[in-house]
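Trainee: Please pick one part of this model and go through it closely, residue by residue where that helps. After that, work outward to the other parts.

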Amino acid sequence: MSFTPSAEIFALVDGNNFYVSCERVFNPRLEGRPVVVLSNNDGCVVARSNEARALDIGMGVPVFKVRDIIRKHKIVVLSSNYTLYGDMSQRMMGVIGQFSPRQEIYSIDESFVDLAGFGQRDLRAYGQEIRQRVRAWVGIPTCVGIATTKTLAKLANRCAKKRPEYEGVCDWSRLHSAQLEHLLSTFPAGDVWGIGHRWGGRLLEMGIRSARDLAMADLALLRSRFGVVLERTARELRGISCHGLEVTVADRKQIVSSRSFGQVTTALEDLQEAVTQYTCRAAEKLRRQAGVCATLQVFLQTNAYKTTEPQYHPVATVKLTTPTDDSLRLTKAALSGLGRVYRQGFRYIKAGVMFTEILPTTVQQLELFGDSASPASTSTLPDSRARLMVAMDRVNRRAGPGTLHLASGGIRNAWAMKRERMTPAYTTRWEELPVAQA
Ligand SMILES: [Mg+2]
């Protein structure tokens, strides 16, 4: 078997311990200290600094299970500040995008860029340039993996992270087959992109232990036992590119906004506040992709883990007379759905809103019995409501989510998420800008 060199070259740029790194940009005292960031409601560990990893704090572990280690080693514990991470991510992606005409934003902290036309350059040096500019302009440390397929670029990135001698950049794009084979033999198959726990165990039973074993495996056999996805992964490990860059983000077919409450509630008033806020958040996303919603669902949940308590998990579906992107009309519809399914006496832990039928603004119909003969969507008409929505989105983008909101969203929010250790919105709220002292 031989590894086939492909004409493509991909670089994967990945933020190191991204959430922790975002926090460190604004609080340099966290540098060198063990830090963990918790999930919504301060439940589980979702990010760890290298120092916290070294203390054996597992990914996803509930925080109460590691309380003793946290106390003993003075680990800094923070609530997740997704507004900050999202904003830092955008800045980071903007800088990375300067290095190639084609970029895929793969996750909040990972981006592929196309370096196919850059083959003549010293790609290691180019990778260093990317790292340095992101570090200097945004403050986030990154690693760069370069290879002829996305799957190999992922592994090269892992290599750059794990082995300090590479100084954060691994370029596998010009390796000989033998060199690549050797490198692949040093990774367990479970480390390969998309394998993980799902297939790792079954591969092991077939004697496929390393990434090299997977690359060498019989493709027809892989296909018959696991399907075409794993076959493609094996091809990619051989250097045959099967996955191109996904440059354009497809519009979402559904938009969900839901969250567990910080504490259970039985009150309709609390649920109305939550549903209003979730609907407005979803509506903002809807307007961003220039869509209108034709059908939405509202759902409620009691705590399924508390088996001794009465359970109730209703869903209300509401069809809008005219598809719309107007927060007020969508909220009215969602609240009517909530009113239909709400029952007293249950202890609700979660509510959510899902826009299940989304159409592009261009195909919407006229409202036959509407209050005007014009299209009812706010996006197509420069009427006052459309201007209100535009203004609301603009204010909330600049001054922070929820600055302008509907009255039924409430200001009490007794049900809201627990975020007891959250850092300020350093980059998205004027009042919370960091202050430099000289
Ligand atoms: Mg990362």
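**A helix on a sheet, and what surrounds it**

Mentor: Helix H13, residues 327-341, lies across S10, S11 and S12, and its direction makes about 155 degrees with that of S11. Keep in mind throughout that this is a predicted model.

Start with serine 327, which belongs to helix H13. Its relative accessibility is 0%, so serine 327 counts as buried. Leaving aside residues up to four places away in sequence, serine 327 touches Cys280, Ala283, Arg287, Met389, Met392 and Leu406.

One of those contacts, Arg287, leads to a charged pair. Arginine 287 makes a salt bridge with aspartate 393, with 2.8 Å between the closest N and O atoms. Arginine 287 is in helix H12 (residues 268-288) and aspartate 393 is in helix H14 (residues 384-399), so this salt bridge ties together parts that lie 106 residues apart in sequence. Arginine 287 and aspartate 393 are both buried. Serine 327 therefore touches a residue of this pair, Arg287, whose place is in helix H12.

Now the sheet itself. It is open and has four strands, in the order S9-S12-S10-S11, with antiparallel pairing. Strand S9 (255-265) and strand S11 (315-324) are the edges, each pairing on one side only. Ignoring direction, neighbouring strands of the sheet are turned by 15 degrees against each other on average. Helix H12 also packs on this sheet, where it touches S9, S10, S11 and strand S12 (348-360), and the direction of H12 makes about 155 degrees with that of S9. Strand S10 (residues 291-302) pairs with S11 in the antiparallel sense over six bridges. Within that pairing, phenylalanine 299 has valine 315 of S11 as its bridge partner.

The salt bridge of arginine 287 is one of several. The count for the model comes to 16 salt bridges. Another joins aspartate 14 and lysine 161 through their side chains, at 3.1 Å from N to O. Aspartate 14 is in strand S1 (residues 10-15) and lysine 161 is in helix H6 (residues 150-162), so here the pair ties together parts that are 147 residues apart in sequence. The partners are not equally accessible: aspartate 14 is buried at 13% relative accessibility, whereas lysine 161 is partly exposed at 35%.

A further salt bridge runs between glutamate 231 and arginine 223, with the closest N and O atoms 2.8 Å apart. Glutamate 231 is buried, with a relative accessible area of 6%, while arginine 223 is partly exposed at 46%.

Two more elements are worth a look as packing examples. Helix H4 (residues 82-96) packs with helix H5 (residues 123-137) at an angle of about 145 degrees, and their axes are 10 Å apart. The H4 and H5 crossing is right-handed. From H4 the contact takes Met92, Val95 and Ile96, and from H5 it takes Ile130, Arg133, Val134 and Trp137. By class, the residues of this contact are six nonpolar, no polar and one charged.

There is also parallel pairing in the model: strand S2 (residues 35-38) and S4 run parallel and are joined by four bridges. Valine 35 has valine 76 as its bridge partner in S4. Along strand S4 (residues 76-79), Val76 and Leu78 point one way and Val77 and Ser79 the other way, and all of them are buried.

Finally, two backbone positions in loops. Most residues other than glycine have a negative phi. Asparagine 17, which is not a glycine, has a positive phi of about 40 degrees. The place of asparagine 17 is the loop between S1 and helix H1 (18-26), and asparagine 17 is buried at a relative accessible area of 15%. Glutamate 167 also has a positive phi, near 55 degrees. Glutamate 167 sits in the loop between H6 and strand S8 (169-171). At 52% relative accessibility, glutamate 167 counts as exposed.

Conventions
Residues are numbered from 1 along each chain as its sequence is written. This is a predicted model: local features need pLDDT of at least 70, side-chain atom pairs count only at pLDDT 80 or more; totals for chains, interfaces and linings use all residues. Side-chain values use heavy atoms; hydrogens and water are left out. A salt bridge is a side-chain nitrogen of Lys or Arg within 4 Å of a carboxyl oxygen of Asp or Glu. Buried means under 20% relative accessible area, exposed over 50%, partly exposed in between (1.4 Å probe, protein chains only). Axes are lines fitted to C-alpha atoms, for helices over the stretch in contact, and angles run from 0 to 180 degrees between N-to-C directions. A crossing is left-handed if the near helix is turned anticlockwise from the far one by less than a right angle, and right-handed if clockwise. Contact means heavy atoms within 4.5 Å. Ala, Val, Leu, Ile, Met, Phe, Trp, Tyr, Cys and Pro count as nonpolar, Asp, Glu, Lys and Arg as charged, and the others, Gly among them, as polar. Two strands pair if DSSP finds at least two bridges between them.
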